[in-house]
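Biologist: Please zoom in on one single spot in this model and walk me through what surrounds it. I'm new to this, so keep it friendly.

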There are 2 protein chains.
Amino acid sequence: MNYFDNSATTQLAPEVKETLCAYMDKTYGNPSSPYREGRLARKELLRARAQVAQSIGAIPGDVDNKGELFFAGSGTEADNIAIMGPLAALDGSKRHLITSVIEHPAVLNTFRHLEKQGYEVDYLPVDRMGNVTLDSLKGALRADTALVSIMYANNEVGTIQPIREMAELAHEVGALFHTDAVQALGKIPVDVKELDVDLLSISAHKIYGPKGIGAIYVKEGLDIKPYIHGGHQEYGVRPGTENMLGIVGFATACKLLLEDFEVRNAKKQRLAELLMKGLSESVSHIYFNGNDESKIPGHVNVTFKYVEGESLLMSLNLKGIACSSGSACTTGSDKPSHVLTAMGLPPIEAQSSIRFTVGRYNTEEEVKYLVQEIPLIVERLRKLSPIARRNGA
Amino acid sequence: MNYFDNSATTQLAPEVKETLCAYMDKTYGNPSSPYREGRLARKELLRARAQVAQSIGAIPGDVDNKGELFFAGSGTEADNIAIMGPLAALDGSKRHLITSVIEHPAVLNTFRHLEKQGYEVDYLPVDRMGNVTLDSLKGALRADTALVSIMYANNEVGTIQPIREMAELAHEVGALFHTDAVQALGKIPVDVKELDVDLLSISAHKIYGPKGIGAIYVKEGLDIKPYIHGGHQEYGVRPGTENMLGIVGFATACKLLLEDFEVRNAKKQRLAELLMKGLSESVSHIYFNGNDESKIPGHVNVTFKYVEGESLLMSLNLKGIACSSGSACTTGSDKPSHVLTAMGLPPIEAQSSIRFTVGRYNTEEEVKYLVQEIPLIVERLRKLSPIARRNGA
């Protein structure tokens, strides 16, 4: 399997696997228990929290004081808590919210839910490269804007938004700023102080950690009400007995991130460019989506005109190439990508688009295999298509 | 460590550890992905769902149809979704809810949140043995009761409630019935059809599975709105990329439950009785809490009069005995147990109470050690207490 779907999920790092198997031998304690087994688990929890906090520049909590980093059940849940939690803590007088049309369903559907609760939501458009412009944000901000949520890097086209500038604009009118950094973590530096955001969400399984564990950054001093109700875990921010395997795995994945961060990402980008060059030279009627000037490394979203995306995907899969037609979280939907159509692609071309995302374990040989196989598959599919023939493809 | 806190959490079964380490080698796929790695994960997810569903008699979902069993991030989250989800799907005209005063914080705090949302909540009392009476439920039910939530077995005293009869009463007025079966699973039969409940929550880490994974039973045909907003995962009931390690571990734990269910629980009960007999014979001024006629096997909650519970707990811990003064989810609170005080214990005696919960891996030797050590510790502590001496203890 040539795995080029690292934005959907990543392979578990061998180091993470090792840590998890060792942890299972070390302790089964409940971090809330007062005796030795509990203390052991509590120590591991604190260590893991510090490690994950460090990877984004947040203040970790200790035994007595809550810090800025809280674990949650997934990136999706982290998004939900980061948006719902602070709104529940406000007095409810500010009823206006801002997000963008290209957010992940975890954010988009949370805002749709908030609309039903009586909030007014502005969904900012994007330009042809997938950027929310600062001007459109400036134009939408109001005195009664409670919160703005704009993703750091898009999961389908990889476009990076100017989060620092956006957060500054939001703060000028007294609004909170949240960013979904699930796709950014591990690919570009994520520093909460540098970005000056109030809330940020991340997830372990996009950085070679386990699935089912996310985390939320909540700026020191910011009040946030729990969205899940229960005990005192995670300093009351997210009750429920801690997913210790997920947490310990997340921390190990974060530790690995910091090793060779730049070298690894330069390699991902080199392979992505090799792929783009190879495809450009051997396949006609294609174009690449996203913002070349501001894109996460390794991200290639390409439109193969006159080819039905799902057929192409299936043919690629049969040749052992794993990639996708959009977000894994919208798989099964037969609608064209909401991100690509928002960028102005005609629906038919949005449906002819494929995402290849290079990861830590991909090799040049794999890319060469893709560059060799893809043109043959595209050619074969176009031969079967009257529209392709009519357009000389 | 003599681990007698199996209601707080359980040791990971070696079989579960083995399965998890093997799974990490098998696939890293996202169950939503269409290619081989995704298909592998999807197959494991379906298999796990079927296994967990089987353990409670629920209908598992398949690729095309949602069944009755959905995974969540913990038992706490399962409780939250099971209560909030169906209420969000109702038209909101029924504004009355019923629960009991001895529920877990995951349920109690969810109802407190619902009170703030304008619901009227009746918190039913319990008798001296920790039972909610059918009469009190009958008296509280109204035509506008939307939902009733009563736990199957209590986490502090082990008392089992007559859930089947309670669900029947709730259904007579058209109310939904939810039960938190987190402490019941693995100790007494949990059969959703037999109990005829509409909603039920369970958790893996109480049955020798991993922490951070729970599940919700939702009766076929019952409408439930997602509480977490996002993608299509878990048939839309609980979005977020699936915690595959947790899910696979949960399933293995459920499979193990069904093996030697009765033999194992008879052993737990035999050891619990040995412990109670030993303490009764060697320690004066003690009494046991809970309902002897209707209690989960292995559960011993004992009040040592004239001894401060926290000091006793610490002394026990120093002797390598792990047990607790109440729920792990309320650790750190200096209030007397809300369960014991609701049962009528004076606060001072509630604070002199310790919970020992026997698990699958406990031995007779360990119980003998407890019976040998505990009287010495209690005697030493009472010697230091003027109140104990005044009362001849």
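**A close look at Asp5(A)**

Modeller: Asp5(A) is buried, with a relative accessible area of just 1% (buried means under 20%, exposed over 50%, partly exposed in between, with a 1.4 Å probe and protein chains only). This is a predicted model, where local features need pLDDT of at least 70 and side-chain atom pairs 80 or more, while totals for chains, interfaces and linings use all residues. Residues count from 1 along each chain as written, chains are lettered from A and ligands numbered from 1 in written order, and side-chain values use heavy atoms, without hydrogens or water.

So where does Asp5(A) sit? You'll find Asp5(A) in the loop between β1 (2-3) and α1 (14-26) of chain A (DSSP runs: helices are H or I with at least four residues, strands E with at least two, numbered from the N terminus).

Now look at the company Asp5(A) keeps. Leaving out residues up to four places away in sequence, Asp5(A) touches Ala322(A), Cys323(A), Ser324(A), Arg355(A) and Thr357(A), plus Ser33(B) and Tyr35(B) (contact is heavy atoms within 4.5 Å). With Tyr35(B) there is a side-chain to side-chain polar contact at 2.6 Å (N or O atoms within 3.5 Å, one able to donate a hydrogen and the other to accept it; sequence neighbours count only through side-chain atoms).

Follow Arg355(A) and Thr357(A) and you reach a sheet. Three strands make an open, antiparallel sheet in the order β9-β10-β12 of chain A (pairing takes at least two DSSP bridges). β9 (286-289) and β12 (353-357) of chain A are the edge strands with a single partner each, so each has one side without a neighbour in the sheet. On average, neighbouring strands are turned by 30° against each other, ignoring direction (axes are fitted to C-alpha atoms, for helices over the stretch in contact; angles run from 0 to 180 degrees between N-to-C directions).

Five antiparallel bridges join β10 (residues 299-304) of chain A to β12(A); in one of them, Val300(A) partners Phe356(A). Helix α10 (residues 309-318) of chain A packs on the sheet, touching β10 and β12 of chain A, at about 40° to β12(A). Helix α13 (residues 364-383) of chain A lies across β9, β10 and β12 of chain A, at about 25° to β10(A).

What about chain B? A 180° rotation with 0.0 Å of shift along its axis lays chain A on chain B, RMSD 0.0 Å (least squares on C-alpha atoms with pLDDT of at least 70 in both). The two copies are therefore related as by a two-fold rotation axis. Both use the same surface: 100% of chain A's contact residues recur in chain B.
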